[in-house]
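Colleague: I'm new to this one, so could we go through it together? Please show me the model.

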Amino acid sequence: MQRVNASTISEFVFVGLSDAPEIRLLLFALFLLIYLATMAGNITLLVAISTDSHLHSPMYFLLGNLSLLDLLCPTITVPKMLGALLLEHKKISFSGCLFQHFSLIAVVGTEIFLLTVMAYDRYVAVCHPLRYPNIMSTKLCAQLAVGTWATGLLNSLLHTSLVFTLSFCGPNKIQQYYCDIPPVLALSCSSTRSRELVILVVAGVLGSSACVVTVVSYICIFLEILARNSPGVWHKAFSTCGSHLTVVSLFYGTAICTYVRPSFTYSPHRDRVVSMLYGMLTPLLNPIIYSLRNKEVKCALKRVI
């Protein structure tokens with residue numbers, strides 16, 4: 001039998017964000033500052049959640065997992081990009097690209113499922129406040145967190161196996177600053193249609209399921225608010241759910257633009273901008289959003305600082 005999945009490419013080359021030397025150092029400084037700010041914000045939030053007894057609750061346990069994911073996401077891609085900008089070292093081995101791809105898809109998938117669990121947590125907090133401690137028990141929170149990480153890893157394993165068992169025998173220049181699905185698929189010299197279809201179906205089923213649970217949770221919250229019709233209920237509900245709703249909108253908007261589409265719509269220049277929004281700005285903004293909208297977090301951060 002003919003071997004169709006044996007790769008003849010041992011390394012890939014990233015196409016930089018800019019090949020102009022007068023801009024490269026400026027981009028390096030800008031992205032380094034964003035990366036350091038992202039690390040500082042999420043690490044501070046993690047320390048606050050772990051050390052402050054007022055934040056030892058299901059909501060903040062899930063928020064701590066989100067901060068950990070926001071630490072991992074830029075760490076997977078940004079250091080390599082900074083090296084390419086400063087040292088012009090744009091090459092990555094085949095195995096290195098595979099590992100980066102697997103890690104990134106695992107983090108993205110886990111964050112999708114975690115945001116869904118956080119939506120359910122907000123539903124229970126608003127619609128069943130008296131039963132909240134019993135429903136969102138420590139055991140259930142731990143099980144939900146483990147489930148999100150396990151599902152994200154299994155989803156990434158499937159996607160990575162579909163992409164990296166293709167034949168790569170021609171061009172090796174990735175039109176992106178990291179190993180993502182669309183630009184890697186574009187380099188394959190074998191037919192990718194069937195695998196693209198599987199990737200789209202799996203991503204569509206898992207993504208739409210998570211989205212439906214999130215939307216249904218907020219519909220139930222909205223109906224509960226209308227049913228109560230008491231003074232200040234809207235303000236209280238928005239203070240409870242506003243941060244999560246903002247993060248969900250930001251995450252889904254950039255993730256859908258990046259992944260949920262066929263490869264023939266792939267545009268290198270546009271996708272680099274969208275990927276930058278998802279890979280760098282979203283992890284930077286998440287701790288800021290939760291800090292600005294939550295008095296308990298602000299007090300805990302002041303104590304930590």
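Colleague: Is cysteine 169 buried, partly exposed or exposed?

Modeller: Here, buried means under 20% relative accessible area, exposed over 50% and partly exposed in between, with a 1.4 Å probe and protein chains only. This is a predicted model, in which local features need pLDDT of at least 70, side-chain atom pairs count only at pLDDT 80 or more, and totals for chains, interfaces and linings use all residues. Residues are numbered from 1 along each chain as its sequence is written, and side-chain values use heavy atoms, with hydrogens and water left out. Cysteine 169 has 46% relative accessibility, so it counts as partly exposed.

Colleague: Thanks! Which cysteine forms a disulfide with cysteine 169?

Modeller: A disulfide is taken as a pair of cysteine sulfur atoms within 2.5 Å. For cysteine 169, the sulfur atoms of the pair are 2.0 Å apart, and the link is right-handed, with 130 degrees about the S-S bond. Its partner, at 40% relative accessibility, counts as partly exposed. That partner is cysteine 189.

Colleague: How many residues apart are cysteine 169 and cysteine 189?

Modeller: Helices (H or I, at least four residues) and strands (E, at least two) are DSSP runs, numbered from the N terminus. Cysteine 169 sits in the loop between α5 (138–164) and β3, and cysteine 189 in the loop between α6 and α7. The disulfide links distant parts of the chain, and the two cysteines are 20 residues apart.

Colleague: How many disulfides does the structure hold?

Modeller: Besides the pair of cysteine 169 and cysteine 189, cysteine 97 is joined to cysteine 179, S to S 2.0 Å. With -130 degrees about the S-S bond, this link is left-handed. Numbered in sequence order, the bonded cysteines pair 1-3, 2-4. The number of disulfides is two.

Colleague: Why does the link of cysteine 97 and cysteine 179 tie together separate parts, and how many residues apart are they?

Modeller: Cysteine 97 counts as buried at 0% relative accessibility, and cysteine 179 counts as buried at 1%. Cysteine 97 lies in helix α3 (residues 94–127), while cysteine 179 is in the loop between β3 (173–174) and α6 (181–185). The pair therefore ties together parts whose separation in sequence is 82 residues.

Colleague: In what order do the three strands form the sheet?

Modeller: Two strands pair if DSSP finds at least two bridges between them. β1 (residues 11–14) and β2 pair in the antiparallel sense over three bridges, with glutamate 11 opposite serine 93 in β2. The edge strands, each pairing on one side only, are β2 (91–93) and β3. The sheet is open with mixed pairing, and its order is β2-β1-β3.

Colleague: How far does α7 reach from its first C-alpha to its last?

Modeller: Helix α7 covers residues 193–228, a run of 36 residues. The expected span is 1.5 Å times one less than the number of residues, which comes to 52 Å for α7. The model is close to that, with a reach of 51 Å.

Colleague: Is phenylalanine 222 of α7 buried, partly exposed or exposed?

Modeller: Phenylalanine 222 lies in helix α7, whose buried residues include Tyr218, Ile221 and Ile225. Phenylalanine 222 itself has 41% relative accessibility, so it counts as partly exposed.
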